[in-house]
Amino acid sequence: MPSTFFGLTIGQSGLNASQIGINTTGHNISNENTKGYSRQVTDMQASTPIRSYSSSGMMGSGTDVTGISQIRELYYDRKYWSNETNYGRYEALDSYMKQLENYFNETNLEGFTKEYDNVFTSLESLKNNSSSTSYRAAFLQSCVSFTEYLNTLYNNVSNIQSDLNHQVAVTVDEINSIAASIATINKQINTVEMNGSSANDLRDKRALLIDQLSAIVPVEVTEKSLGNGVTTYDVKICNQDLVNTYSYYSLKTEPR
């Protein structure tokens, strides 16, 4: 039979569960503007009932908190990563194409087409006035102007190529840094969860790194449970292994 204080014990379990729920809610509110944060909820269930040797049967013994779960779905993460890759690709293309458009300047009157047409216009005039020195000088000047334009265009495009090469090197370093961080977090997550706890905030941090990686290259993530709270977490980019749970591969750039 339960003791005289059995009802107080039930009340205490309810208060403890509610307090944990309030703390979880406070954690959610304080991280409302935290990038990559996923909302968390407190998982509760009825405590193991006590057998009563009377007509009442089993008597409830209160509330147990079984854990704190993330409100996050891997299916939507994968959809986001796929679209983030496309967005990052076209954003980069758009940025450099706008620079090329500015250098060719075709939207204004002084672009490539204008310079090119000037040469043939002056040549046509010279054909009809071949003995005129002024027409000859005008043709030569149009050729000089067109040559200077081509040289300027070459230098500008070469600068874009140089910037792109530098950006590739910086991006490779960023990918390597992200891979190293993911491998480290994988170890931290397994260390926490193999002891029965939930590493929700660490999982959010890891997912945010995958968000960043997906904006650079196509990403494929595979997570498998090995039991006892231990999981493998593998990351592939462009169908090549980048992270194998605790280990990772480093990329490098080579001139060609």
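1. Helix axes that meet at angles over 145 degrees count as roughly antiparallel. In this predicted model, the axes of helix α4 (residues 133-193) and helix α5 (residues 200-214) cross at roughly 160° and come within 9 Å. The two helices, α4 and α5, are therefore roughly antiparallel to each other. The crossing in which α4 passes α5 is left-handed.

2. The contact of α4 with α5 can be listed by residue. On the α4 side the participants are I175, I178, S181, I182, I185, N186, Q188, I189, V192 and E193, and on the α5 side they are L202, R203, K205, R206, L209, I210, Q212 and L213. By class, this contact of α4 with α5 comprises ten nonpolar, four polar and four charged residues.

3. Helix α5 itself deserves a separate remark. With 15 residues, α5 reaches 21 Å from its first C-alpha to its last, close to the 21 Å expected at 1.5 Å a residue. The helix is mostly covered, as eleven of the 15 residues of α5 are buried. These buried residues of α5 are N200, R203, D204, R206, A207, L208, L209, I210, D211, L213 and S214.

4. Two residues from the contact of α4 with α5 may be examined individually, beginning with N186. This residue lies in helix α4. Residues under 20% relative accessible area are classed as buried, and N186, at 2%, is therefore buried. Leaving aside residues up to four places away in sequence, N186 touches R206, Y233, V243, T245 and Y246. For a long-range reference, N186 and G14 are 172 residues apart in sequence, and their C-alpha atoms are 34 Å apart in space.

5. The second residue is R206, which lies in helix α5. R206 is also buried, its relative accessible area being 4%. Not counting residues up to four places away in sequence, R206 touches I182, I185, N186, I189, E223 and Y233. N186 and R206 thus appear in each other's lists of contacts, and Y233 is touched by N186 and by R206. In sequence, R206 and S47 are 159 residues apart; from C-alpha to C-alpha they are 34 Å apart in space.

6. Helix α4 also packs with helix α3 (residues 112-128), and the axes of α3 and α4 come within 9 Å and cross at roughly 160°. At that angle, α3 and α4 are therefore roughly antiparallel to each other. The crossing of α3 past α4 is left-handed. From α3, the residues F112, E115, Y116, N118, V119, S122, L123, S125 and L126 meet Y135, R136, A138, F139, S142, C143, S145, F146, Y149 and L150 in α4. This contact of α3 with α4 divides into twelve nonpolar, five polar and two charged residues.

7. A further partner of α4 is helix α2 (residues 74-104), which packs against α4 at an angle of about 165°, with the axes 10 Å apart. Accordingly, α2 and α4 are roughly antiparallel to each other. The handedness should be noted: α2 and α4 make a right-handed crossing, whereas the crossing of α3 and α4 is left-handed, as is that of α4 and α5. In α2, Y96, Q99, L100, Y103 and F104 meet Y149, L153, N156, V157, I160, D163, L164 and Q167 in α4. The classes in the contact of α2 with α4 are nine nonpolar, three polar and one charged. Y149 of α4 serves in the contact with α2 and in the contact with α3.

8. Helix α2 has 31 residues and reaches 45 Å from its first C-alpha to its last, close to the 45 Å expected at 1.5 Å a residue. The buried residues of α2 are D77, W81, E84, T85 and G88. They pack against α5, β5 (219-227) and β6 (230-237). Just after α2, N105 takes a positive phi of about 55°.

Terms used:
Residues numbered from 1 in each chain as written. Predicted model: local features only at pLDDT ≥ 70, side-chain atom pairs only at ≥ 80, totals over all residues. Heavy atoms only, no water. Axes fitted to C-alpha atoms, helices over the stretch in contact; angles between N-to-C directions. Helix = DSSP H or I, 4+ residues; strand = E, 2+ residues; numbered from the N terminus. Parallel < 35°, antiparallel > 145°, perpendicular 65-115°, else oblique. Left-handed = near helix turned anticlockwise from the far one by under 90°. Contact = heavy atoms within 4.5 Å. Nonpolar A, V, L, I, M, F, W, Y, C, P; charged D, E, K, R; others polar. Expected span 1.5 Å × (residues − 1). Buried < 20%, exposed > 50% of the residue type's maximum accessible area, 1.4 Å probe, protein only.
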